[in-house]
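Please find below my notes on the model, set out as numbered points. I would suggest keeping the structure open while reading them.

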Amino acid sequence: MRVLLIAAVALACASSAPAAPGLKGGITDSGAAYFHEPGEFYAPLQELGVKLIRVHLNWGGRLGVVKRRPVEPTDPDDRAYDWRLYDRIVLQADRHGIEVLFTIFGTPPWANGGAPPTRAPRNADRLREFAYAAATRYSGEYVRDDGVELPRVRYWTAWNEPNLQIGLVPQWRRVGRAWTIQSAADYARICNAVVDGIRTTMLRGSRIACGVTAARGNNNPSGRKPSVSPLAFLRAMKKAGARGFDAYAHHPYYGAPSETPATPSPGRGGVTLGNIDALVAEVTRLYGRKRIWLTEYGYQTNPPDDVFGVSWETQARYVRESFAIARRHPRIDMLLWFLLRDEPDPARWQSGLISAAGERKPSFDAFRDALATR
């Protein structure tokens, strides 16, 4: 199949380049997009001025599009596919003037030998075919049998936090006496499959990011929860042949409540917003001057999180600071906050702009003001 060639554009060096024009700010919140009533989810987004939301487009798993192995996997009308959940999301977002960034994630069991969704497909062509079908359905030119024309999805990422076990397993593999980063090798095939599948539709203007790395990893293959630091993962995925993407995505979360958005990661190999230039430099060395997407970021609040949370007022200040850092950076095109609303379980994420009880935190106004800043 023919693959679109993306022309490389030479850019001025970071020290002299102007600030990134039109930083895209938005929200990452798959759970609310899946399960909340549209009015409950999209009305606050409109009030905030959000123009972009990131949602997982699940290939496999409980909410997966694929219910069984398709006969014609590149055909979005194959009977094995159930797109209803994702059609509803793109249609509701479009009605509220919001674009969707889809993260293709999760392998169906028929494609990885019956393993969980976090194990890579045995044959990456199956993922490439699915990416083609998804990009075709959300091309802006697809009309359903009921006459509804589906909106276009321009922004895509491949997988989620593949340097952690929540993204890919196994993380490491022993070869003789040495350990190799298996997750990066598997991820290179995933990245290439998503890129090739979307590019082969020949639709112009789509932007695809790979990486989507978590902020830190332990680089301990024999530990209880082995993972890979983002810089080590980036180098390993390059060595394994990952290529063709437009932007590198990363999640530069803080590690302790004492860390501000400007605090560099104290751990070796970690990349927070405070030392994002370490990642930018390595991306530049390996891939040239790719754009940087920060597709998840946020600070949890206390209450209710008395371990990792900061005060509600501090969260609002950090919203302003994080957007100021991203807006000044010449390579960062996107900053997406996780979440809109705290999760109901206090043991889960509490980084929302709205509490689980529905109370707006000071960060709600701070976020709205940050998006309004140009």
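**Notes on salt bridges, barrel and crossover**

1. Glu282 has a relative accessible area of 12% and is therefore buried, and this is a convenient place to begin, with the reminder that the model is a predicted one. The side chain of Glu282 meets that of Arg235 in a salt bridge, with an N to O distance of 3.2 Å. This pair links distant parts of the chain, since Arg235 belongs to helix H6 (residues 230–239) and Glu282 to helix H7 (residues 276–287), with the two positions 47 residues apart. Arg235, at 38% relative accessibility, counts as partly exposed.

2. Glu282 also forms a salt bridge with Arg285, at 2.7 Å from N to O. Here both partners lie in helix H7, three residues apart, which corresponds to about one turn of the helix. Is Arg285 buried or exposed? With a relative accessibility of 56%, Arg285 counts as exposed, whereas Glu282 is buried.

3. A salt bridge within a helix is also found in H5 (residues 182–199), where Asp186 and Arg189 are three residues apart and so are separated by about one helical turn. Their side chains meet at 3.4 Å, N to O. Asp186 is buried at 9% relative accessibility, while Arg189, with a relative accessible area of 31%, is partly exposed.

4. The count of salt bridges in the model comes to 23. Which residues are linked in a network? They are Asp77, Asp87, Arg137, Arg144 and Asp146, joined through salt bridges. Of these, Asp87 is also listed among the buried residues of helix H3, to which point 7 returns.

5. Turning to the strands, eight of them close into a barrel in the order E1-E2-E3-E4-E7-E8-E9-E10, and the pairing is parallel. From one strand to the next, the twist averages 30°. In the barrel, E2 is joined to E3 by seven bridges, and the two run parallel; strand E1 (residues 24–28) is joined to E2 by two bridges, again with parallel strands. Arg54 of E2 can be followed to both sides, for its bridge partner in E3 is Leu101, and Thr28 stands opposite Arg54 as well. Leu57 has Ile104 as its bridge partner in E3.

6. Why can E2 be described as largely enclosed by the rest of the structure? Seven of its seven residues are buried, and the description follows because of that. In a regular strand, side chains alternate between the two faces of the sheet. In E2, Leu52, Arg54, His56 and Asn58 point one way and Ile53, Val55 and Leu57 the other way, and all of these are buried. A reader checking the charged or polar positions may therefore wish to note that Arg54, His56 and Asn58 are included in that buried set.

7. Helix H3 (residues 84–95) has twelve residues and reaches 16 Å from its first C-alpha to its last, close to the 16 Å expected at 1.5 Å a residue. Its buried residues are Tyr86, Asp87, Ile89, Val90, Leu91, Gln92 and Ala93. What do these residues pack against? Their packing partners are helix H1 (30–35), helix H2 (38–48), strand E2 (52–58), strand E3 (99–105) and helix H4 (124–137). Just after the helix, Gly97 takes a positive phi of about 70°.

8. The loop between E2 and H3 contains Ala80, which counts as buried because its relative accessibility is 1%. Leaving aside neighbours within four places in sequence, Ala80 is in contact with Val65, Val66, Lys67, Arg68, Arg69 and Pro70. The C-alpha atoms of Ala80 and Trp312, which are 232 residues apart along the chain, are separated by 46 Å.

9. The last point concerns how the chain connects two of the strands described above. E2 and E3 run parallel and are joined by seven bridges, and strand E1 pairs with E2 in parallel fashion too. The chain crosses from E2 through H3 to E3, and this β-α-β crossover is right-handed.

Notes:
Residues are numbered from 1 along each chain as its sequence is written. This is a predicted model: local features need pLDDT of at least 70, side-chain atom pairs count only at pLDDT 80 or more; totals for chains, interfaces and linings use all residues. Side-chain values use heavy atoms; hydrogens and water are left out. Helices (H or I, at least four residues) and strands (E, at least two) are DSSP runs, numbered from the N terminus. The expected span of a helix is 1.5 Å times one less than its number of residues. Buried means under 20% relative accessible area, exposed over 50%, partly exposed in between (1.4 Å probe, protein chains only). Contact means heavy atoms within 4.5 Å. A salt bridge is a side-chain nitrogen of Lys or Arg within 4 Å of a carboxyl oxygen of Asp or Glu. Two strands pair if DSSP finds at least two bridges between them. Axes are lines fitted to C-alpha atoms, for helices over the stretch in contact, and angles run from 0 to 180 degrees between N-to-C directions. A crossover is right-handed if, with the strands pointing away from the viewer, the path from the first strand over the helix to the second runs clockwise.
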